[in-house]
Amino acid sequence: MIEAQNRGHDLSYIEPSSLHINERGAHGLIHEINVFDNADKWFELKDSFAKKLSDLDVIIMRQDPPFDSDYIYNTYVLEAAEKEGVKVINRPRSLRDCNEKVFLLFFELHHLVKTKKVNLH
């Protein structure tokens, strides 16, 4: 996010609980955000405002667990925004279909690779 900001992109944060769909499309409560390379103060949120998600250029979906009905609902809202033309990174359908906790169950154990720390000199 810092690099995107350094390149002149406007950054926004959307509270997951604010995502919704109405007759005009997918919307959310947007906070403009500034980010900093500082562990004590790494971001600053500005006032929030409602916005149609398709007015954004790109949305990166990163929502913390739990994987619950609200999470699923948000993927549907983002899928609607995607259909309205906004580029959604971490495609909503893939987030539903390939949940990181559940997706491993589709593989047999012999397909998993165990790695160990190796000193490279």
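Start by selecting Ser18, which sits in the loop between β1 (12-14) and β2 (20-22). Helices (H or I, at least four residues) and strands (E, at least two) are DSSP runs, numbered from the N terminus. Is Ser18 buried or exposed? Ser18 is buried, at a relative accessible area of 15%. Buried means under 20% relative accessible area, exposed over 50%, and partly exposed in between (1.4 Å probe, protein chains only). Now show what surrounds Ser18: leaving out residues up to four places away in sequence, Ser18 touches His27, Gly28 and Leu29. Contact here means heavy atoms within 4.5 Å.

A word on what is on your screen. This is a predicted model, in which local features need pLDDT of at least 70 and side-chain atom pairs count only at pLDDT 80 or more, while totals for chains, interfaces and linings use all residues. Residues are numbered from 1 along each chain as its sequence is written, and side-chain values use heavy atoms, with hydrogens and water left out.

**The whole chain**

Zoom out and colour by secondary structure. The protein chain has 3 helices and 6 strands, and along the sequence they follow the pattern α-β-β-β-β-β-α-β-α. Of the 121 residues in the protein chain, 26% are buried. About 9,600 Å² of the protein chain is exposed, and carbon and sulfur atoms supply 53% of that area. These accessible areas come from the Shrake-Rupley method with a 1.4 Å probe; for residues, only the protein chains shown count as cover. Contacts reach along the chain too: among those between residues at least 6 apart in sequence, 46% join residues at least 24 apart.

**Into the core**

Next, select Leu53, Leu56, Ile59 and Leu78. In the largest nonpolar core, which has 16 residues, these four touch the most other members. A nonpolar core is a set of buried Ala, Val, Leu, Ile, Met, Phe, Trp, Tyr and Cys residues joined through side-chain atoms within 4.5 Å. Which elements each supply at least two residues of this core? They are β3 (25-35) and α2 (69-83), with α2 giving the most, 5 residues. In soluble globular proteins, nonpolar side chains tend to be buried together.

Stay with Leu53 and show its contacts. Setting aside neighbours within four places in sequence, Leu53 meets many residues, among them Ile14, Leu19, Ala26, Ile30, Val77, Ala81 and Val86. His27 and Gly28 are also in contact with Leu53, and you met both beside Ser18.

**A nonpolar patch and a ring pair**

Turn to the surface and select Tyr13, Trp42, Phe43 and Leu45. Together they form a nonpolar patch with about 390 Å² of accessible area. Patches are made of residues with over 30% relative accessible area and no salt bridge; like charges are joined within 9 Å, and nonpolar side chains (Val, Leu, Ile, Met, Phe, Trp, Tyr) within 5 Å.

Phe43 belongs to strand β4 (residues 43-52). Phe43 is partly exposed because its relative accessibility is 35%, whereas Trp42 counts as exposed at 52%. How many aromatic pairs does the structure hold? There is 1, and Trp42 and Phe43 form it edge-to-face, at 4.6 Å centre to centre with 65° between the planes. Rings of Phe, Tyr and Trp (its six-membered ring) pair if their centres lie within 6.5 Å; planes under 30 degrees apart count as stacked, over 60 as edge-to-face and the rest as tilted.

**Three salt bridges**

The whole structure contains 3 salt bridges, each a side-chain nitrogen of Lys or Arg within 4 Å of a carboxyl oxygen of Asp or Glu. Show these pairs in turn:

- Arg7 and Glu3 meet at 2.8 Å, N to O; Arg7 is exposed at 63%.
- Lys41 and Glu44 have their closest N and O atoms 3.3 Å apart; Lys41 is partly exposed at 41%, and Glu44 is partly exposed at 31%.
- Glu82 and Arg91 have their closest N and O atoms 3.2 Å apart; Arg91 is exposed at 53%.

Keep Glu3 selected for a moment. Glu3 lies in helix α1 (residues 2-6) and is partly exposed at 45%. The C-alpha atoms of Glu3 and Val35 are 9.7 Å apart, with their positions 32 residues apart along the chain.

**Last stop: Ile60**

Finish at Ile60, in strand β5 (residues 58-60). Ile60 is exposed, with 62% relative accessible area. Apart from residues up to four places away in sequence, Ile60 touches Ile89 and Asn90. Draw a C-alpha to C-alpha line from Ile60 to Tyr13: these residues are 47 apart in sequence and 9.8 Å apart in space.
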